Amino acid sequence: MKSIFRLTAIFSLLSAMLITGCQSAGSNGSNQKGDTGASSSSPAASQSSASSQEETLEPVKLKYYFYGAAKPGDEAVYDAMNKILKEKINTTVEFVKIPSNGDYTQKMTIMVNAQEEFDLAFTSPSYFDYFANAAKGSFVDITDLLPKYAPQTYAQFKPEIWNAAKVNGKIYASINQQIFARQSGFVISKPLADKYQFDPTGVTKQSDLLPFLEKVKAGEPADTTDQLYNAQMKNHVFSYFYPYYEWETIGGSDVPGVASSVLDQPKVFNEYDTPEFKEFILTNAEFQMKGLIAKDALTRPTFDASKYAASSMATLMPGIEETVKKTYKAEQYIIPLGDPILTTPNAIATMTAVSATSKHPERALMVIELLNTDKELYNLMVWGIEGVDYEKTGDNRIESLSGSTYGPAPGWMFGNQFNSFVSGTQPDDVWTQTKELNETAKVSKLYGFNFSPDSVKTEIANTSAIVNEYKAAFNTGMYGADTEKIYAEFLSKLKAAGVDKVLQEKQKQVDAFVAQKQ
Amino acid sequence: MRRNSMQLTAHICLIVFCAMCLLPMVLTISVSLTDGQAIQTFGYQIVPIHFSLEAYEYILKEPFTLLSGYKNSIIIVVVGTTLNLLITSLIAYPLARRDFPFRGVISFYIFFTMIFSGGMVPFYILIVQYLGWKNMLISLIVPAFAAPFQIFLLRVFFQEIPPALIESAKIDGASDLRTYRSIILPLSKPALATLALMMTLGYWNETIHAILFIDHSAKYPIQLILKNITAYIEMMKNGGVDPSGNPVDPSDVPTDAIMYAMMVLTSLPVMFVFAFLQKYFVKGMTIGAVKG
């Protein structure tokens, strides 16, 4: 009796292991099948629908996933959008919102692995990872379909811009039109600068702010000067200055190794082992020791934005003056650093992809086309229904109504933001200005280059963990007089964690990219 | 004298421990009652500096979402806990009987699932593609059924019931099912209450399955409503400007207070249940402690 039990036990254990083994192999297999199936079936599908397009389109239902907070008014807005979509391309779209970006990534990853059918999805390098999913065949290759079914969307960007979205030479997602060029800078409180006769135009680095902040510290009552400089301890503040130094991050801002982006032969180097970084942390330490950065910056839960006299900003966009005026509750001088520059990470920051499991990829592209070209449809999605969620106060200007039960829906998440109404403090010509900024920006030599981290994954994880460990304290100057000692320790830890290997790999890939371009 | 000082130390330790458990809760409640501006200037305070119900007003202004969250979660908890308790105890009872022939094999089979699992993706495929339960509350109820740990917990408790009782019921002519219903279940109230509490908490706090299986906001359980509101508030807080460039003044809206008020509102019902089941819970803690 006992031996029979033992046998069955062993047998069931073995079979269970076999089943698990089969499952993973099976899902891999079906993944690839789905990929080739989609790419081989799409030309056929496109042909059939191209011939039928002149006639009538059969009714189709699509599913579109993105993230954001669901609101009670969503359904009414989606109904209104579907009315337009139904009329124009006989399509009904089910819009599905997932509350937070982290959950979105997780859910979409599982859905893709489970080969679930859906049609459109928001994708970006940070959420629902574009590169990984494009490479593993989660998205339809739209290199040929895009010009055919979304011609105006395709035409709104120069071919070089599309290069940024290419993975293995193919486009897997439509880029959303928004601000691409990046310029960073400082904002300085106007009332304080005027009062202490400080000329902000000469500021090119953080230490230039020192005399001004010291005067404010001495001149103003103590209870308003405990947090004069906005240290933004959680952010990677040092990377704000890269456009000024003409550096470009490669594969994430906390992974060591940047390249000078305008040289013909970009050289990868460790950005932390530079005089610029040393000066950055020493300045922070000096600020901290002189009481210009909040003493409890690391532990304080919230800060009073109106107390800041100066702050660095990652992205200056048209209309920023009014935005920061509202945030800091006073007029601000905006001091840009260097020229605006166009880099890959910024161009493909937000995209819309067609899922490989979609039965109607050509129709999904038509929806993308309409979101990019139909102003009414786009503004419904971003702002809601006129009279319910917003009211028009000018030709192209609107104001949100207080009783609105829709939104906020971020305009950069879908379609063409240049079609958006302007609102609040944005200047009327904000989109013309943005467009101009995009077009006049210096294009990085590395534009279109995407780093693949696979071969140095461990080193990347280790080094970025070290960067993150020290980041907040460096940003707020918490090491004070010990900063130089700790900085040396930081560098040697990075070395031990394999930073050189990461740099070498980056350089190798950069060289290969530059070589294939020439 | 020595006993006194021992007692004193014990009390001090317990008081400190109690404070460690209570303080975060008190802080949560008091932050939820503080004025948004006051949080910005003074930080989190145990005693609210500027008392205000603004945060609750803000949430209850749109009761639609909160109420539907409560409704969905209560359905899940009530239906789920009842059925789950029934199924779990029906599995545990035969396993506890010494005269049940295959209990070794079945126990091993159940135990096996505790160690190995199919993983997230096959699970998702099963629920969504084979069973077609997407957007249905049942997808949040059934997967929690018959958890191995709970089965074994209950089995141990059932084994403590003297076999003589079962035999006497048998002599009186009771069927197995009747014995289970009239003898075993009433005697196991503490264990069942403990399990019910564990299941209630599990169902109430279910988030990850809800994210995977529920697409429609009308079907969101309370935890997703909490996530939804948090996401909305994060959006307003970040940089004081929503991503379309429309400025939102963070101090106009008591963002932190709302987040804490939501936490209070989502955990209140569970605290209530806990208070109800607590007397059983204390007894239930000793499950399996003494083997008779």
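These questions and answers take labels used for this predicted model and set them against their definitions.

This is a predicted model, in which local features need pLDDT of at least 70, side-chain atom pairs count only at pLDDT 80 or more, and totals for chains, interfaces and linings use all residues. Residues are numbered from 1 along each chain as its sequence is written, while chains are lettered from A and ligands numbered from 1 in the order in which they are written.

Q: How do you know how many helices and strands chain A has?
A: Helices (H or I, at least four residues) and strands (E, at least two) are DSSP runs, numbered from the N terminus. Chain A has 19 helices and 18 strands.

Q: What makes the span of α11(A) close to the one expected?
A: The expected span is 1.5 Å times one less than the number of residues. Helix α11 of chain A, residues 275–289, has 15 residues. From first C-alpha to last, α11(A) reaches 21 Å, and 21 Å is expected. Just after α11(A), A:G291 takes a positive phi of about 80 degrees.

Q: Why are residues such as A:F280 of α11(A) called buried?
A: A residue is buried if 20 or more other C-beta atoms, placed from the backbone, lie within 10 Å of its own (12 or fewer is exposed, in between is partly exposed). In α11(A), the buried residues include A:F280, A:I281 and A:F287. Across chain A, buried residues make up 46% of the 518 residues.

Q: What do the buried residues of α11(A) pack against?
A: They pack against β8 (229–230), α17 (457–476) and α18 (483–496) of chain A.

Q: Why is α11(A) called oblique to α17(A)?
A: Axes are lines fitted to C-alpha atoms, for helices over the stretch in contact, with angles from 0 to 180 degrees between N-to-C directions. Under 35 degrees is roughly parallel, over 145 roughly antiparallel, 65 to 115 roughly perpendicular, and the rest oblique. The axes of α11(A) and α17(A) come within 6 Å and cross at roughly 55 degrees. Therefore α11(A) is oblique to α17(A).

Q: Which residues make the contact of α11(A) with α17(A)?
A: Contact needs C-beta atoms, placed from the backbone, within 7 Å. A:I281, A:N284 and A:Q288 of α11(A) meet A:F474, A:N475 and A:T476 of α17(A).

Q: How do you know that β7(A) and β13(A) pair?
A: Two strands pair if DSSP finds at least two bridges between them. Strands β7 (residues 181–189) and β13 (residues 332–342) of chain A have 8 bridges, in the antiparallel sense. A:G185 stands opposite A:P336 in β13(A).

Key. Contact = placed C-beta atoms within 7 Å.
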